[in-house]
Amino acid sequence: MATNNPATLLVTGASGHLGRLVLRHLLETEQVPANQIIATTRNPQSLQEFADLGVNIRQADFDDSASLEQAFAGADRLLLISTDALDTPGKRLSQHKTAIAAAEKAGVKHILYTSLPKPDTSAILFAPEHFGTEQAIAATSLSWTLLRNNWYTENVYFGLPSALASGQWYSAAGEGAISYISREDAARAAAAALASDETENRAYTLTGSEAVTLPVVVKAISETIKKDIQVVDVPVDTLTQGMISAGLPEPVAQVLASFDVATQKGDLGEITNDFKNLTGRDPQSFQAWIDENQEALRKAAEGQSVAH
């Protein structure tokens, strides 16, 4: 989809998994000229391939408001990809607020943010950080777009190593289902929204076209890698303690367990048409993602490291 929008577009966190894909879709799918794209990152050298294409690469430190204001200068539309600062409670929200204030001071006109579904009521432990960011954006003079990305399909890799080791996938999700969306599709939607000329304040909940339960997920993986894995239902406290016993820090275990709580509660099972409304195409189905990633899943089953 070629864009006729002459605005300068900025992507934060551009060296991350999602950010790189957004840049690719801006250049290739949306056909945005490289000189209209700014990409910010803590490590500019990591984006040399995009610099070689003509994208303006800038260093940005989310803990330094002055550096952010300088990095955001000249941008009309800015995609704020949520940071990965989950180690310290409240740090991510503080970083986001710093970035939002810097964007306003730098003269950005429209801000887009990668949030999650139902941030005000979700059982996911870091949902309040997303909701707080949404509120901070709404309090500015900027127009905005909220991209509430559902659970990435790639996140099934998180539970795979322990399940392969024991043959059992422990879950507190019950019969809850998730309408997975691939990171590729989330990036495609973000690029479409960023490259558009939409200025109306709007929230999109980006999901797949079907909601699948963990037994369905595990069955598809088992058939692909030719290894039997069984889903074992456990209480959430048992799940949390099991992850701690396996070596995960308690705060991390609690966050991961909260995804099962959210799944059981129905927070991640909503299905919308927002992805198609943004991109003009259907999202990738869960089975299609499995088929596309057979080799990576088999490598994971063999103990090889897989980038996801």
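The sheet here is open, with seven strands in the order β3-β2-β1-β4-β5-β6-β9 and parallel pairing. Strands pair when DSSP finds at least two bridges between them, and both helices (H or I, at least four residues) and strands (E, at least two) are DSSP runs numbered from the N terminus. β3 (56-59) and β9 (202-206) sit at the edges with a single partner strand each, so one side of each has no neighbour in the sheet. From one strand to the next the twist averages 20°, with axes fitted to C-alpha atoms (for helices over the stretch in contact) and angles running from 0 to 180 degrees between N-to-C directions.

A quick note on what you're looking at: this is a predicted model, where local features need pLDDT of at least 70 and side-chain atom pairs count only at pLDDT 80 or more, while totals for chains, interfaces and linings use all residues. Residues are numbered from 1 along each chain as its sequence is written, and side-chain values use heavy atoms, leaving out hydrogens and water.

**Inside the sheet**

Strand β1 (residues 9-11) runs parallel to β4 (residues 77-80), joined by three bridges; Val11 has Leu79 as its bridge partner in β4. β1 also pairs with β2 in the parallel sense, again over three bridges, and there Leu10 stands opposite Ile38.

How many residues of β2 are buried? Five of the five, so this strand is largely enclosed by the rest of the structure. Buried means under 20% relative accessible area, exposed means over 50%, and partly exposed is in between (1.4 Å probe, protein chains only). Ile37, Ala39 and Thr41 point one way from β2, with Ile38 and Thr40 pointing the other way.

**Helices on the sheet**

Contact means heavy atoms within 4.5 Å. By that test helix α1 (residues 17-29) packs on the sheet and touches β1, β2 (37-41), β4, β5 (110-115) and β6 (143-149). The direction of α1 makes about 155° with that of β1. Helix α3 (residues 65-72) packs on the sheet as well, touching β1, β2, β3 and β4, and its direction makes about 170° with that of β3.

**Two helices with plenty of buried residues**

Helix α7 (residues 183-195) has 13 residues and spans 18 Å from first C-alpha to last, close to the 18 Å expected at 1.5 Å a residue. That expected span is 1.5 Å times one less than the number of residues. Twelve of the 13 residues of α7 are buried, so the helix is largely enclosed by the rest of the structure. Among the buried ones are Arg183, Asp185, Arg188 and Leu194, along with a run from Ala189 to Ala193. Glu184 also lies in α7, but at 33% relative accessibility it counts as partly exposed. Leaving aside residues up to four places away in sequence, Glu184 touches Leu21, His25 and Glu154.

Helix α8 (residues 214-225) has twelve residues and reaches 16 Å, close to the 16 Å expected. Its buried residues include Leu214, Val217, Val218, Ile221 and Ile225. What do the buried residues of α8 pack against? The list is α6 (156-166), β7 (168-171), β10 (212-213), β11 (230-233), α12 (286-292) and α13 (294-301). Right after α8 comes Lys226, with a positive phi near 60°.

**A helix pair**

Two packed helices are described by the angle between their axes and the distance between the axes. For α9 (residues 236-245) and α10 (residues 250-265), the axes come within 9 Å and cross at roughly 145°. On the α9 side, Val236, Leu239, Thr240, Met243 and Ile244 make the contact, meeting residues of α10 that include Glu250, Leu256, Asp260 and Val261. By class this contact has eight nonpolar, two polar and two charged residues, where Ala, Val, Leu, Ile, Met, Phe, Trp, Tyr, Cys and Pro count as nonpolar, Asp, Glu, Lys and Arg as charged, and the others, Gly among them, as polar.

**Positive phi in two loops**

Gln31 and Lys118 each have a positive phi without being glycine.

| Residue | Phi | Loop | Relative accessible area |
|---|---|---|---|
| Gln31 | near 55° | between α1 and β2 | 48%, partly exposed |
| Lys118 | about 50° | between β5 and α5 (127-138) | 31%, partly exposed |
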